[in-house]
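Colleague: Please take me closely through one part of this model, and then set that part in the context of the rest of the chain. A connected account would suit me better than a list.

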Amino acid sequence: MAAPFTRLAYQTLQQGKSLMGLAHKEVSLRLMGALAPEGAPSTVAVPPEMLQAMQASFQRLLDVDWEEAEQGIYPPSLLFDAPWLEWASRYPLVWLDLPATWNRRKQRRVDDLPTTVNRSDYPSYYLQNFHHQTDGYLSDYSASLYDLQVELLFNGTADPMRRRILKPLVWGLRAFADRPASQLRVLDVATGTGRTLRQIRAALPQARLVGLDLSDAYLRQANRWLSQLPNELPQLVQGNGEAMPFADASMQGVSCVFLMHELPAEARQNVLNDCWRVLEPGGVLVLADSVQLADSPQFRPAMENFRRMFHEPYYRDYIGDDIDARLTVAGFKAVRAESHLMTRIWTASKS
Ligand SMILES: C[S@@+](CC[C@H](N)C(=O)[O-])C[C@H]1O[C@@H](n2cnc3c(N)ncnc32)[C@H](O)[C@@H]1O
């Protein structure tokens, strides 16, 4: 293990991010209660047992994150990778944006999008202010705040949870071990600002990576983040995950992180069907999304509060959905799943 990267430093960093996220949410909730009480969500009580279970899951997540770095799935430096200076400079904007968020929440306005958006370019389920965020997914401003907002929402565990796709992805690609690594194509569906692609790049330094998203603003942000990596030439494609502009059987690996819960059921199935179509036989799909009621009943209050606090119109349907069955309907075999804190990871292969 490289000398500067100690387990203690990693644990301390994550504890610090966790405290920061908790403090941010506590202060912003109190502010909303004081300044915009009409918009304040009514949340359900969180039992102490759930907090204990979460704390234990949080610690397990950090342990796995560290161990998989030690196993060489990805370099330990990835554990510390974040655009710290950019986040620090954008943090004040997160606060300045809050009143607009409260207003939308108070007025139950969920389609407050830039007037320049050509609505016919997008499916109707997409034309909303997910999480009440300003401009939905449809502006550079929204894209510039997204990563930091997710980091705060998940108390600094967004990347550790995203990284759980790496081991099944790397292992799944062993089906193509007879090919040069540089000939393997891996597609990240709904790549957003490219945080997942950045993790994948660290684990698969030679693979050809492609990111797809409906938002060109988020892809521009992804282009900025990814272009900071030496020798990276990001291939980012604007498109709908339900009908992707890629040939049948053109990818050996597909990932999709935090998309399923933002889709209505039919679109969820369409995306899984299209992931199957673009994969070559033998290829692997790794999905990551929120845990669900069936696998994590102990976190039911957290799931309920998430839905009440943020505009997540399809979340209630998603947490009761049977993703294993959907993967099977799409044609996938060997479906398996495991949970890491608030994220469930499904791995499936196309035979
Ligand atoms: C919650 S974000 C997740 C982004 C990223 N995967 C991550 O881990 O941060 C959801 C992303 O899905 C994209 N999206 C939503 N519906 C989509 C669709 N039908 N096709 C492609 N992208 C979609 C949004 O633009 C957004 O970037």
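Modeller: Let me begin with helix α7, whose buried residues are R195, T196, L197, R198, Q199, I200, R201 and A203. The helix spans residues 195-203, and with eight of its nine residues buried it is mostly covered. The model is a predicted one, and what follows should be read with that in mind.

The part that repays the closest look is the sheet, and the order of its seven strands is β3-β2-β1-β4-β5-β7-β6, in an open arrangement with mixed pairing. At its edges stand β3, residues 235-238, and β6, residues 333-340, each of which pairs on one side only. Direction ignored, neighbouring strands of this sheet are turned against each other by 15° on average.

Moving inward to β4, we find that this strand pairs with β5, residues 279-290, in the parallel sense over six bridges, and within the sheet C256 has L287 of β5 standing opposite. Strand β4 itself covers residues 251-257 and includes Q252, a residue worth pausing on. Q252 counts as buried because 24 C-beta neighbours lie inside 10 Å, the cut-off for that label being 20 or more. If neighbours within four places in sequence are left aside, the contacts of Q252 are L173, F176, L184, R185, V186, E280 and G283. Between Q252 and V284 the sequence separation is 32 residues, while their C-alpha atoms are 6.6 Å apart in space.

V284 also leads us on to the next strand, since this residue stands opposite S349 in β7. The pairing of β5 with β7 is antiparallel and runs over seven bridges. On the side of β6, the pairing with β7 is likewise antiparallel, here over six bridges, and K333 has S349 as its bridge partner in β7. S349 is therefore met twice, as the residue opposite V284 and as the bridge partner of K333. The strands β6 and β7 form a hairpin with two residues between them, and in that turn L341 has a positive phi of about 55°. Strand β7 is mostly covered, six of its seven residues being buried. Helix α12, residues 323-330, packs on the sheet, where it touches β6 and β7 (343-349), and its direction makes about 155° with that of β6.

To set this sheet in its context, the chain as a whole has twelve helices and seven strands. Its radius of gyration is 20 Å, close to the 20 Å that the globule rule gives for 351 residues, so the chain is as compact as a globular protein of that length. Along the principal axes, the C-alpha atoms fill a box of roughly 60 × 50 × 40 Å. Buried residues make up 41% of the 351 residues, and of the contacts with a separation of 6 or more, 75% are between residues 24 or more positions apart.

The domain assignment divides the chain into domain 1, residues 7-152, and domain 2, which takes in 159-295 together with 319-349. The C-alpha centres of these two domains lie 21 Å apart, and 26 residues of domain 1 are in contact with 26 residues of domain 2. On the side of domain 1 that touches domain 2, α2 (48-70) and α4 (140-153) each supply at least two residues, with α2 giving the largest share, namely seven residues. By character, the residues of that side divide into 18 nonpolar, four polar and four charged.

A residue that contrasts with Q252 can be found in helix α1, residues 7-35, where L19 has its place. L19 is exposed, because the number of other C-beta atoms within 10 Å is 12, a value that falls on the limit for this label, which is 12 or fewer. L19 and L152 are 133 residues apart in sequence, yet the distance between their C-alpha atoms is 9.6 Å. Taken together, these two residues give both ends of the burial scale, with Q252 buried and L19 exposed.

Key: Residues are numbered from 1 along each chain as its sequence is written. This is a predicted model: local features need pLDDT of at least 70, side-chain atom pairs count only at pLDDT 80 or more; totals for chains, interfaces and linings use all residues. Helices (H or I, at least four residues) and strands (E, at least two) are DSSP runs, numbered from the N terminus. The radius of gyration is taken over C-alpha atoms; the globule rule is 2.2 Å times the number of residues to the power 0.38. Two residues are in contact if their C-beta atoms, placed from the backbone, lie within 7 Å. Domain bounds come from an automatic or database domain assignment. Ala, Val, Leu, Ile, Met, Phe, Trp, Tyr, Cys and Pro count as nonpolar, Asp, Glu, Lys and Arg as charged, and the others, Gly among them, as polar. Two strands pair if DSSP finds at least two bridges between them. Axes are lines fitted to C-alpha atoms, for helices over the stretch in contact, and angles run from 0 to 180 degrees between N-to-C directions.
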